[in-house]
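Please look at the chain shown below and follow it slowly, one pair of helices at a time. The paragraphs after it lead through some helix contacts, a charged pair and the confidence of the prediction.

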Amino acid sequence: MRPRGPGAERGLDDAATSLRASQVFIALCAPALLLLAVAVVTLVPEILRPGTVPVVLGAGVLAQPVAALAVLQHRRTRRPQSWWSVWATLLIAVLTLCVRDPAFRQEAVMALVVGPLYAAMFTSIRSMLLHLALAGGTASSLVLAIAGDPLVRMARVLAVDMVLVITVSGFFILRRRLDAALHRAVTALERADHLAAHDPLTGLLNRRGLSAALEVAPCGAPGPDPATTGAVLLDIDHFKRINDTLGHQTGDEVLCRVAAVLTRTVRPGDLVARVGGEEFFVVVPGADLADVAALAERLRTAVSADVDGPAVTVSAGVAATAAHASGSLDDLYGRADRLLYRAKVEGRDRVCVDAA
């Protein structure tokens, strides 16, 4: 059995590196981004009307359940509420510019921040840019309306817009990095699970993978008489001689050839596994002993007829058991193994069938 290939190792290493990079990104940048968010919701109203921090904090308390409801709606529907939130931000922007009450404007500016942050975490880049344009344009208009030196007002507009853009963009980049890291981690876990359940040389199921496949698709086929499940245990004859005389690389090629022949010959729904060095185990759900014996003979003949390489024959043991019998897989393997041994003793290149 070959060790895990370099491609698989490299894929797992890349996924781990990406995950570590995202963790470092979160550890270093998330606190700064949160501080920037606090700066947006605190400084913008303070610029508009100095001495209004208590009002801002009160508006923040009201904004939190609004943001929580939006996030819950996103999680419930699995669909970003991007356009709904854009219209909400637009409505708040219009009201902020139209209503002259200072307290209302302070709360509205606070609410305007929620939309871009929500868009950065849950929606598309186009939606996020729309939110940014609405929130930044509204905040800039309010700052420009304050009486005073024009240069000071422009500096305030630039500061407000920069804080808003940096905060929202930072959250958007964080979300993208987390999505990419999660995707790579899931892909790596799926590949690791595949490698754990399959033989790396032939690509067939291994013993663990066979057990898992039988749990997902239990023995027995639908129909009026799903009474038995059969199994064929095959062993390549004189395989050690092939390795000793032709080399282990040729031996690996023979194993792959036999695996390909078995896969082509079995019925759809049958399970083929490599369970030992040169042993292959075929589980045949919903078939009686006679059908399994006929399949075993076809497998033996197909392997013998394959001329792509050194001549190879196989011996086989055939057994069947009740579809829902306790310990049916172990029982099948044990009985088929005894019959395989008998086929070897009787001269190899033959099929021995359970007499039961």
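In this predicted model, helix α8 (residues 239-246) packs with helix α9 (residues 248-265) at an angle of about 140°, and their axes lie 6 Å apart. Because of that angle, α8 counts as oblique to α9. On the side of α8 the contact is made by Phe-239, Ile-242, Asn-243 and Leu-246, which meet His-248, Thr-250, Gly-251, Val-254 and Leu-255 in α9. Sorted by class, the contact of α8 with α9 holds five nonpolar and four polar residues, while no charged residues take part.

From α9 the path goes on to helix α10 (residues 289-305), with which α9 packs at an angle of about 140°, the axes being 10 Å apart. This angle makes α9 oblique to α10, and the crossing of the two helices is right-handed. Here Val-258, Val-261, Leu-262 and Thr-265 of α9 touch Leu-295, Arg-298, Leu-299, Ala-302 and Val-303 of α10. The contact of α9 with α10 is made up of seven nonpolar residues, one polar residue and one charged residue.

Earlier in the chain, helix α5 (residues 125-144) packs with helix α6 (residues 150-197) at an angle of about 160°, with 9 Å between their axes. Such an angle means that α5 is roughly antiparallel to α6, and α5 passes α6 in a right-handed crossing. Among the residues of α5 in this contact are Ile-125, Met-128 and Leu-132, and among those of α6 are Val-157, Val-160 and Leu-164. By class, the contact of α5 with α6 divides into 14 nonpolar, two polar and three charged residues.

Side chains of opposite charge can pair when their charged atoms come close. The structure holds eleven salt bridges, and one of them joins the side chains of Asp-235 and Lys-344, with 2.6 Å from N to O. This pair links distant parts of the chain, since Asp-235 belongs to strand β1 (residues 228-236) and Lys-344 to helix α11 (residues 328-345), 109 residues apart.

How far does the confidence of the prediction reach? The chain averages a pLDDT of 76, and 69% of the residues score at least 70. Over residues 1-9, however, the pLDDT is below 50, and this stretch has eleven contacts in the model beyond near neighbours in sequence. Residues 219-226 likewise stay under 50, and for them the model has 14 contacts beyond four places in sequence. Where pLDDT is low, the predicted coordinates should not be read in detail.

Terms used:
Residues are numbered from 1 along each chain as its sequence is written. This is a predicted model: local features need pLDDT of at least 70, side-chain atom pairs count only at pLDDT 80 or more; totals for chains, interfaces and linings use all residues. Side-chain values use heavy atoms; hydrogens and water are left out. Axes are lines fitted to C-alpha atoms, for helices over the stretch in contact, and angles run from 0 to 180 degrees between N-to-C directions. Helices (H or I, at least four residues) and strands (E, at least two) are DSSP runs, numbered from the N terminus. Angles under 35 degrees count as roughly parallel, over 145 as roughly antiparallel, 65 to 115 as roughly perpendicular and the rest as oblique. A crossing is left-handed if the near helix is turned anticlockwise from the far one by less than a right angle, and right-handed if clockwise. Contact means heavy atoms within 4.5 Å. Ala, Val, Leu, Ile, Met, Phe, Trp, Tyr, Cys and Pro count as nonpolar, Asp, Glu, Lys and Arg as charged, and the others, Gly among them, as polar. pLDDT is the predictor's confidence in each residue, from 0 to 100. A salt bridge is a side-chain nitrogen of Lys or Arg within 4 Å of a carboxyl oxygen of Asp or Glu.
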